[in-house]
Amino acid sequence: MNKQRIIALTGGVGGAKLADGLMRAANAIDLTLVVNTGDDFNHLGLHISPDIDTALYTLSEEVNPETGWGRRDESWSFMQALKQFSADTWFLLGDKDLATHVIRTQQLATGQSLSTVTHALAKSLGLAVQVIPMSNDTVRTWVHTDMGELEFQHYFVREQCKPKVQHIEFRGAAEAEPAPEVVQALQDPNLGAIILCPSNPYLSMAPILAIPGMREQLRAAGVPIIAVSPLVGGQAVKGPTTKIMQELKLPVSALQIVAHYAGLIDGFVLDQRDAHLAGQINIPIITIDTFMQTAEDRIRVAEETLAFASTLKQHK
Ligand code: FO1
């Protein structure tokens with residue numbers, strides 16, 4: 001029997017943890033990750049794709065365990081040398097990580113697509129999982145703030161998410177198309193479920209869903225679509241999700257996340273610390289411990305989410 005394909009939509013660190021659990025789950029699945037590229041940017045002449053690299057490094061056990069991004073056992077000679085030249089050093093590029101950006105930039109310059117380049121990087125890192133950028137077209141997240149409009153990494157890293165968010169723009173999204181491998185994966189007859197990882201819904205998942213036709217094609221796949229809550233006890237585990245919700249004048253609650261994905265998702269994985277909200281959610285839910293601190297936690301959350309997906313599949 002063919003293995004079930006699971007598609008997971010993911011952003012950076014939090015999403016990569018669930019993706020890692022899905023890859024290691026006892027269920028034999030073929031995993032396809034569709035990754036946000038709105039955070040990509042050109043820096044020091046290099047094409048940097050932070051969320052793709054976080055996925056690649058996490059799944060290949062190459063990630064820096066302290067930060068959740070970048071590579072483990074890094075050295076920083078490049079950054080030290082940059083400082084001598086008084087160049088921009090706010091975005092930390094480790095020596096090993098630098099190789100990824102140089103190779104990506106070089107391969108893109110030869111005319112290869114980001115999908116092709118990502119596929120080759122995944123293979124070199126020994127991954128069997130399919131890692132696909134959401135699009136091969138340029139989509140860039142711009143954050144409109146009280147300090148003016150900022151390119152995503154300038155807002156996120158350089159300004160440490162301190163400016164107040166007024167509006168988030170996915171520049172180029174209206175003209176972008178899903179990467180062809182995304183469309184193929186959605187048409188796989190063995191597709192069993194689509195999972196929205198617990199990445200920031202406004203910064204990381206929204207760019208993926210902003211690509212014209214993406215939502216429709218996800219729905220048309222005819223399999224359960226499940227979102228895993230990025231909030232644990234009403235708080236984000238990491239990153240500015242709740243700060244942004246407040247600044248956008250949205251109620252900070254898992255209910256708001258369900259509302260945000262309304263019309264797209266068939267099921268929601270609620271954290272047990274938010275169990276009091278269960279009665280107010282009018283789609284199927286499971287209430288579990290979604291906090292992923294250890295490798296075992298990632299696998300448990302993945303397996304519980306997959307089991308939930310199979311129950312929903314029976315009703316599709
Ligand atoms: N995040 C930081 O907070 N500071 C950094 O200096 C930084 C550098 C960096 C380099 C390569 C890479 O792939 C990711 C990097 N990140 C850094 C993470 C990244 O900015 C964010 O985690 C994502 O874009 C949000 O998902």
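Let's start with two neighbouring strands: S1, which covers residues 4-10, and S2, which covers residues 29-35, run parallel and are joined by seven bridges. Please keep in mind as you look that this is a predicted model. To find the pairing on your screen, look for Ile7, which stands opposite Thr32 in S2. Another pair to look for is Thr10 with its bridge partner Val35 in S2.

How does the chain get from S1 to S2? The path goes through helix H1, residues 13-24, and this β-α-β crossover is right-handed. Try tracing that route from S1 over H1 to S2 in the structure.

Now stay with S2 and ask which other strand pairs with it. S2 and S5 also pair in the parallel sense, here over four bridges. You can locate this pairing at Leu33, whose bridge partner in S5 is Val131. Is S2 mostly covered or mostly open? Six of the seven residues of S2 are buried, so the strand is mostly covered; buried here means under 20% relative accessible area.

These strands belong to a wider arrangement. Seven strands make up an open sheet with parallel pairing, and their order is S5-S2-S1-S9-S10-S13-S14. Why do S5 and S14 each have one side without a neighbour in the sheet? Strand S5 (130-133) and strand S14 (285-288) stand at the edges with a single partner strand each, so one side of each is left free of a neighbour there. On average, neighbouring strands of this sheet are turned by 20° against each other, direction ignored. As general background, strands of a sheet pair through backbone hydrogen bonds, in either a parallel or an antiparallel way.

A helix also packs on this sheet: H2, residues 50-59, touches S2 and S5. The direction of H2 makes about 150° with that of S2.

Finally, step back to view the whole protein chain. Its secondary structure comes to 12 helices and 14 strands. Along the principal axes, the C-alpha trace spans about 60 × 45 × 40 Å. A compact globule with 316 residues would have a radius of gyration near 20 Å, and the 19 Å of the protein chain agrees with that. Of the 316 residues, 54% are buried. The accessible surface of the protein chain comes to about 13600 Å², and carbon and sulfur atoms account for 51% of this surface. Among contacts between residues at least 6 apart in sequence, 69% join residues at least 24 apart.

Note on methods:
Residues numbered from 1 in each chain as written. Predicted model: local features only at pLDDT ≥ 70, side-chain atom pairs only at ≥ 80, totals over all residues. Heavy atoms only, no water. Pairing = 2+ DSSP bridges. Axes fitted to C-alpha atoms, helices over the stretch in contact; angles between N-to-C directions. Contact = heavy atoms within 4.5 Å. Rg over C-alpha atoms; globule rule 2.2 N^0.38 Å. Buried < 20%, exposed > 50% of the residue type's maximum accessible area, 1.4 Å probe, protein only. Areas by Shrake-Rupley, 256 points an atom, 1.4 Å probe, with all protein chains shown as cover. Right-handed = clockwise from strand over helix to strand, strands pointing away.
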